[in-house]
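This report describes the architecture, confidence and surface of one protein chain. The sequence and the model are shown first.

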Amino acid sequence: EISILAAGLAADSFALSLRDGMTFDKVTLKHALAVALSFGLFQVIMALGGCYGGSFFYRELRHIDHWLVIIIFSFMGGKKIIEGFIEYHAKKLAEKEEKENVDVPIVEHNIRAKLTPRLLILQGISTSLDTLVIGVGLASVKADMKTSAAAIGTATAVFCFPGVFIGKKTGDRFTDEAHFASGFILLAGGIKGFAEHMIAGA
């Protein structure tokens with residue numbers, strides 16, 4: 001179960017790694033490792049932060065833990081799906097306008113020869129904030145904190161390493177799919193956890 005959740009949380013980081021690969025003038029092993037390891041590290045930090053933070057309030061929340069899980073997972077999953085739809089329709093609109101020869105502002109990507117520590121930190125934080133919230137939900141169901149954080153971080157690194165190279169070849173073609181997959185996985189995880197709790201309490 002945690003492996004499926006980890007894959008869902010890693011999907012957003014994978015989408016950003018595609019865009020990073022697309023903006024590099026040259027993709028090297030060093031670039032891919034830097035992106036994968038930094039994104040994975042921030043996922044671990046945020047997961048642990050959410051888990052440990054949530055554990056402090058577990059005594060007060062234990063009676064509504066199942067409701068908390070479905071609310072958090074449904075909200076985060078729905079948020080990712082909506083983001084995916086917005087991005088998908090924006091992309092389709094731009095393509096339609098281009099075909100109709102309507103003047104569309106051309107956005108030029110800022111080509112980066114190398115990643116800076118500051119950029120990696122900002123990207124790592126932006127892609128792992130959702131994991132901080134999910135960590136609170138994991139704490140409410142007494143999930144193993146270290147195992148969960150390690151699984152999420154590992155999945156993120158494994159997804160993002162090839163993502164940089166794929167982005168160089170295909171651009172951001174698969175970013176919409178990554179958002180949708182992430183959202184549906186989180187929604188399914190929340191519903192599954194709630195259903196198991198209700199069945200066990202029946």
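The term pLDDT denotes the predictor's confidence in each residue, on a scale from 0 to 100. It applies here since the model is predicted. The chain has an average pLDDT of 78, and 76% of the residues reach at least 70. Mean values for the elements at the two ends of the range are listed below.

| Element | Residues | Mean pLDDT |
|---|---|---|
| Helix H3 (lowest) | 58-61 | 62 |
| Helix H6 (highest) | 145-170 | 92 |

Over residues 104-113, pLDDT remains under 50. For this segment the model has 16 contacts beyond four places in sequence. Where pLDDT is low, the predicted coordinates should not be read in detail.

**Architecture**

The chain holds seven helices and zero strands, so that its elements read α-α-α-α-α-α-α from the N terminus on. Of the contacts with a separation of 6 or more, 93% join residues 24 or more positions apart. Among the 202 residues of the chain, 41% are buried.

**Surface**

The accessible surface of the chain amounts to about 11400 Å², and carbon and sulfur atoms contribute 69% of this area. A nonpolar patch on the surface is formed by Ile121, Ile125, Leu129, Leu132 and Val133, which together have about 350 Å² of accessible area. One of these residues, Leu132, is located in helix H5 (residues 117-140). Why is leucine 132 classed as partly exposed? Its relative accessible area is 32%, and the class applies because this value lies between the limits of 20% for buried and 50% for exposed residues.

How values were computed. Residues numbered from 1 in each chain as written. Predicted model: local features only at pLDDT ≥ 70, side-chain atom pairs only at ≥ 80, totals over all residues. Heavy atoms only, no water. Patch = residues over 30% accessible without salt bridge, like charges linked within 9 Å, V, L, I, M, F, W, Y side chains within 5 Å. Areas by Shrake-Rupley, 256 points an atom, 1.4 Å probe, with all protein chains shown as cover. Salt bridge = Lys/Arg side-chain N within 4 Å of Asp/Glu carboxyl O. Helix = DSSP H or I, 4+ residues; strand = E, 2+ residues; numbered from the N terminus. Buried < 20%, exposed > 50% of the residue type's maximum accessible area, 1.4 Å probe, protein only. Contact = heavy atoms within 4.5 Å.
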